[in-house]
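Let's take a walk through this fold together, starting with the overall picture and then stopping at a few spots worth a look. Keep the viewer open as you read.

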Amino acid sequence: MNAAAKRGKKTIKRPPIPAAIQSKLLIENRHACCVCQKVRVQIHHIDGDPKNNELANLAALCVDHHDMASMQLGLTKKLKPNEVRTYKKEWEARCAADMKALSRDRENFFVTLYKNPPRIREQFSRLPDSVRRAAVVDVARAIAGEEKDKLKEGGFNFQMLPRRNDMTLACLASAEKGQFWPEWLPRVQGHPKDPDYPTDLSPPNGMTAFHGFDLYCQILIRVLTAASVPVPLEQILSLGNAQLMNTWAGSLVSFRERAIGKGVTVPSLDHSRPTASLQFRHRQGKKLLRTRMELRTMYVFSDTAAMNLRSSRTCGIGVFGGADVGSADADITLSIVPLLIGMGGFGQSDASGWSWSLR
Ligand SMILES: [Zn+2]
């Protein structure tokens, strides 16, 4: 057998890296080389065994560092397996910390535009007791630490936001118990289609119930994202193909995008326009990437919120529903079930402030 035939045989034996592992590696490394952070990476088998597709054995490397890690130079490689492991560990830890900070920022806004209580409850009810309790402790600690930032932004504080006050503490206590409706919140008339969703703003309890419930939904979201850090939408988009994207279906996703919400109406028109859809658009070379979200207009926060949802920069958290390749072949449509959408973050929630961007 000649050398070419041997190589051919070897190539056939090499099992492909499963899509789920590939996409996990790419996102955990923010699509960048773990040594030099250059984007456009190849996947390297650290132990040199192409059949070992365990996540721990794979590293994202740029072409140059891939060469250095693969080619033998005298008796040793220029970039040794243990060095690659160290780079991988350090870079992935940095990416994980950034991802957490980014999501914190995107769920921490000044104004709620939309909340989806049934889907928030659905996600919340899936948390195992111990996970939920640990997450509540994390959130309580984080809120205490954010107090200073909020005082600085006091001018925007016209709406209930999680802060270290009695109502936030009561929300945290209810979340800790796994309650879907906080027992201390006064009951007022709810929406005909969702009696738990307060719509009656009349005194004495209307405003308290309406804003208190809004606050509670925000706290539940923070508990969810403390339990499982959402993947930034731009990271899913950077995967570039629907098969890799779909391995994240069902995961929490964070976003900050300009909304195009042509059909978004005021909540009072709910009976005539029960649903609307929101879209984000991205061009990636010749490809058009669309992200769609279905909204139930009864959960749009207010008339002003509806206006903002039609065209403004929004941020929030949702559940990624998957990606479809369109008829134009190059186009991909992603879907997100929105849990909470708002406006304004506390820090650098814009992706341009980070080293990641769409390729
Ligand atoms: Zn590199």
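Helices here are DSSP runs of H or I with at least four residues, strands are runs of E with at least two, and both are numbered from the N terminus. Counted that way, the protein chain has 11 helices and 13 strands. Bear in mind that this is a predicted model.

For the general picture, the chain has 359 residues, and 38% of them count as buried. Now take the contacts in the protein chain with a separation of 6 or more: 68% of them are between residues 24 or more positions apart.

Let's begin with some strands. Find β10, which covers residues 275–284, and β11, which covers residues 287–296; the two run antiparallel and are joined by 10 bridges. They make a hairpin with two residues between the strands. One landmark for the pairing is Q284, which stands opposite K287 in β11. In the turn sits G285, with a positive phi of about 65°.

What else does β11 pair with? Strand β13, residues 332–343, is joined to β11 by five bridges, and this pair runs parallel. To get your bearings there, look for R290, which stands opposite T333 in β13. So β11 has an antiparallel link to β10 and a parallel link to β13. Step back from the hairpin to S272, which is in the loop between β9 (252–258) and β10. Is this residue buried or exposed? S272 counts as exposed, because it has 8 C-beta neighbours inside 10 Å, and the cut-off for exposed is 12 or fewer. If you put a distance line from S272 to T297, the C-alpha atoms come out 9.9 Å apart, with the two positions 25 residues apart along the chain as the separation.

Next, the helices. Two packed helices are described by the angle between their axes and the distance between the axes. Try this on α7 (residues 166–176) and α8 (residues 206–227): their axes come within 10 Å and cross at roughly 55°. Angles from 65 to 115 degrees would be roughly perpendicular and those under 35 roughly parallel, and α7 and α8 are therefore oblique to each other. The crossing is right-handed.

Which residues meet where α7 and α8 touch? On the α7 side they are M167, T168, C171, L172, S174 and A175, and on the α8 side G212, L215, Y216, I219, L220 and V223. By class, the contact of α7 with α8 has nine nonpolar and three polar residues, with no charged ones.

Between β7 (194–198) and α8 there is a loop, and P204 lies in it. Have a look at the peptide bond that joins P203 and P204: it is cis, with omega at about 5°.

The last stop is the loop between α2 (19–28) and β1 (42–45), where you'll find R30. H31 is found in that loop between α2 and β1 too. R30 has a positive phi of about 55° although it is not a glycine, and H31, also not a glycine, has a positive phi of about 60°. Are they buried or exposed? A residue is buried if 20 or more other C-beta atoms lie within 10 Å of its own. R30 has 25 within that distance and is therefore buried, and H31 is buried because it has 22.

Methods:
Residues are numbered from 1 along each chain as its sequence is written. This is a predicted model: local features need pLDDT of at least 70, side-chain atom pairs count only at pLDDT 80 or more; totals for chains, interfaces and linings use all residues. Two strands pair if DSSP finds at least two bridges between them. Two residues are in contact if their C-beta atoms, placed from the backbone, lie within 7 Å. Axes are lines fitted to C-alpha atoms, for helices over the stretch in contact, and angles run from 0 to 180 degrees between N-to-C directions. Angles under 35 degrees count as roughly parallel, over 145 as roughly antiparallel, 65 to 115 as roughly perpendicular and the rest as oblique. A crossing is left-handed if the near helix is turned anticlockwise from the far one by less than a right angle, and right-handed if clockwise. Ala, Val, Leu, Ile, Met, Phe, Trp, Tyr, Cys and Pro count as nonpolar, Asp, Glu, Lys and Arg as charged, and the others, Gly among them, as polar.
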